[in-house]
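Here are my notes on the model you sent. Please read them with the structure open.

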Amino acid sequence: MNDIRFTIDGKECLGKPGQTIVEAAKANGVYIPVLCHFEGLKPVGSCRICTVRVGGRFMAACTQPLIEGMAVENTAPDLEDMRKSLIEMLFVEGNHLCPSCEKSGNCELQALAYRYQLMAPRFPYLWPRRDIDASAPLLMLDGNRCIQCLRCVRACRAKDGRKVFAAVDRSHRVKIEVDKKLAAHLSEDQARRAMDICPVGAILRKETGFAVPIGRRKFDRAPIGSDVEKGTGR
Amino acid sequence: MTQEKEIVLQHPKDPSALLDVIRDVQTRLGHVPEEAVSRIAAHLKLSEAEVRGAVTFYHFFSLTPRGASTVYLNDSITSRMNGRTAVARAFEEEADCRFGEVSPDGRVGLSSTSCIGMNDQEPSAIVDGVVFTKLSPDKARAIVRGLRDGTPASGLVAEFGDGANQSSLVRAMVSNNIRKRGPVLFGPHEPGAAVRKAVSMTPEQVIDEVKKAGLLGRGGAGFPTGLKWEFCRREKAPERYVVCNADEGEPGTFKDRVVLTELPGLLFEGMAVAGYAVGARTGVLYLRSEYAYLRAHLEAVLAGLRKEGILGKRIAGSPKFSFDIVIKSGAGAYICGEESALLESAEGKRGEPRDRPPFPVQAGYLDRPTTVNNVETLATAARIVVEGAAWFKAMGTPKSAGTKLLSVSGDCARPGVYEVEYGLSIAELLDMAGAPEAKAVQVGGPSGTCVSKAGYQRKICFSDLPTGGSVIVFGPDRDIFEVVENFMEFFVEESCGWCTPCRAGNVLLKKKFEKVAHGKGTEGDLRDLEAWGKLVKATSRCGLGQTSPNPILTTMQNFPELYEARIQKGRDFVPEFDLAAAIQDGCAAANRRPACKEADHE
Ligand SMILES: Cc1cc2nc3c(=O)[nH]c(=O)nc-3n(C[C@H](O)[C@H](O)[C@H](O)COP(=O)(O)O)c2cc1C
Ligand code: SF4
Ligand code: SF4
Ligand code: FES
Ligand code: FES
């Protein structure tokens, strides 16, 4: 099939049919920040960090398929401020105390906060009461840091296909639960994958911790998005 | 065999039966105990976490006991305006427990719920599926006493409403309150005429007629119905579906309730007509749980239509066209009125909206092309097929053809359902409903617009004031801030929680709004409200979050003087929490004298 022509902030780009805006942008060396999105998983559009504007309408670039002739706005100041607001919202709706968090330095939320130079959130902290579930042998789930990205829900399945993680309740009370029976039988690999797929410090592998020293953690080495933008500068 | 096991085993081993099993357990055991969760999970090959996820999503399901009987008292603004507080107190006193709790003897649980579609007869409540309207404190006490004595809720209904509400299959105290009968929905209709006419035409001709009539969806979004049917028909697929949206969850609308009560035959014909047009054999009526009291009545009407050959195999004399309808129930979630969330729920899952594309017309119910239409839209389409596009188009305005059912409630002499032509002004409507002193009118429910007197010449139509049907009138003494607070509570509670701006943004908006409403706001807070409202609208994933800031934004726009009067002028910052005042309050409560003076805290 023919390539799709589109622009991002005026830059002429080519994409493939079936690609989302995020995927096509990446292929063209343009970074659109994402948080709930994870390559290889069906996008769910939950964090809304990837919001772009096309023809005056806002849309999530991780779920929106490319359309011929699209003129995508990605870095307009008001858009960037919206993204920053959403990151701030995620901070105030949970309880994030980075200095004591094992994911610090490897956390995508924290990395985005740095990228957006977040100093103090414009919103008041909500200080919700959230639970920690450490009943599974290999994992612990800390609701204080969960951002409801649904990556774990999508990615982690037991051998028979059942979901190991699921969302329960609704509204601001919605939370991620780990299935107690299935979690009891997770393999080492499954537990490791669950921790790795979680963008924040909500799913942690028990027993090992703080394995990588400060200075060599993922985002110590290169800021978030720089892999995509390499060569284009910023 | 345990009761749990027995109930679960009666259902097919099909994950799409999840909500049906849960409902069955909930109805028979009063909640969904842990043992049932394990049984259901094992039976349907789901994880227990997933089952708990479905139970906890819906308001009428619960993992913990809610009493042998449960009272769900409506918490809409109209209920509050009509004395809900006193009624709630009476329930609490008589049951000896607070809302959210169960009485000490376990007989009665009390729970609040979002609008149950009875705004014209508030305060109202649903008790074990039975609707009680126009409650007073005395009636509330009598209900609790009756339940405690072992009388089933249905046995406590003393008088019945009008029309089909009296029929042996409904026996509800609900009144129709039909105030104005128009020519489309309430015009003379010969049963079966629409289906017979449709099958005498080609499906394309039916679609064309509906297109020419200019019928726009009555559920809120106003999408052209004929076009939707055409898109659905165009998709190549072995199976297509017609889904009727009878979720009617927008606070203040109840017109679909009246169609379902008095005109179900016309509605079902409309579904069959849609089925013929798009090439579907099955229709699904998604009925909100609050209207479960109509289910037996609706099933009986369906049975009658099958008997007369208007539904079933090769209907209305057509050699080829077969169509039948099944009813699926909701379980208490406003978001399930959103069409893609509705489809998820109809498939037995949490009612979380889907991403689009694909649109329902491409991949809807069970992933098949599906046209989702509102109750009124389908009933109207049936009438268009019989009477013709020209007849319909001659009513209303050029861009908003035909008539609209309005649900009018609040401070007016004649609350109820009005079938009016599009283009009617608010002033004319207020005249009809008997509300000469109205200070504000909420058009389109909480997600719509709050109109002030200056806007009473505005017209009800798609290009000016669109509405799914909800019109709530506020008299001169009402506090608009209380109204907005109630609406924001509604959105906070009903957000599905999927996306950041709707889940967290609405909580933050509500908090900020309360600060202003309680007189602690500044001009900066008003600017924040506007900016945050725009943010939530722009970035939310579905129509709920894209409209939830409207109560704040439209009142700020139309009632700026009210906000001006509430804020602390000239001050840059006022803390949300007043420490000095809190200490004074605390000391007063504890009967102590403050150790230091107020000034020390400044
Ligand atoms: C939060 C939300 C709630 C909705 N609730 C309803 C509803 O209760 N009934 C309804 O018909 N449409 C409702 N809608 C609109 C539906 O998504 C859909 O547009 C409608 O059912 C299409 O039917 P129509 O074209 O006949 O209006 C709702 C939309 C949103 C975003
Ligand atoms: S999850 Fe990320 S943002 Fe949250 S506390 Fe840990 S490092 Fe900080
Ligand atoms: S636990 Fe982690 S992966 Fe799962 S939803 Fe929360 S933040 Fe996302
Ligand atoms: S990355 Fe697109 S919504 Fe989260
Ligand atoms: S959770 Fe409501 S629009 Fe996202």
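**Notes on cysteines, a strand threonine and a ligand shell**

1. C412(B) is buried, because its relative accessible area is 14%, under the 20% cut-off. Keep in mind that this is a predicted model.

2. How many disulfides does a search of the whole structure find? The count is zero over all chains. C412(B) fits that result: it is in no disulfide. Its nearest cysteine sulfur belongs to C115(B) and lies 14 Å away.

3. C542(B) is also buried, with a relative accessible area of 9%. Why is there no bond to C496(B)? C496(B) holds the closest cysteine sulfur, but the distance is 6.1 Å, so the pair is too far apart for a bond. A disulfide would need the two sulfur atoms within 2.5 Å.

4. Next, T371(B). This residue sits in strand β9 of chain B, which covers residues 370-374. Is T371(B) buried or exposed? T371(B) counts as buried, because its relative accessibility is 0%.

5. The side chain of T371(B) makes a polar contact of 2.6 Å with that of N373(B). Another polar contact, of 3.5 Å, links the side chains of T371(B) and W229(B). W229(B) also appears among the residues that T371(B) touches beyond four places in sequence. The others are K228(B), C232(B), Y241(B), V242(B), V243(B) and V278(B).

6. Last, ligand 3. Which residues are closest to ligand 3? They are C146(A), C149(A), L150(A), C152(A) and C198(A), out of 14 residues that surround the ligand. By class, the shell holds 12 nonpolar residues, one polar and one charged. Cysteine counts as nonpolar in that tally.

Notes. Residues numbered from 1 in each chain as written. Chains lettered and ligands numbered in written order. Predicted model: local features only at pLDDT ≥ 70, side-chain atom pairs only at ≥ 80, totals over all residues. Heavy atoms only, no water. Near = heavy atom within 4 Å. Helix = DSSP H or I, 4+ residues; strand = E, 2+ residues; numbered from the N terminus. Buried < 20%, exposed > 50% of the residue type's maximum accessible area, 1.4 Å probe, protein only. Polar contact = N/O pair within 3.5 Å; in protein donor to acceptor, adjacent residues only side chain to side chain. Contact = heavy atoms within 4.5 Å.
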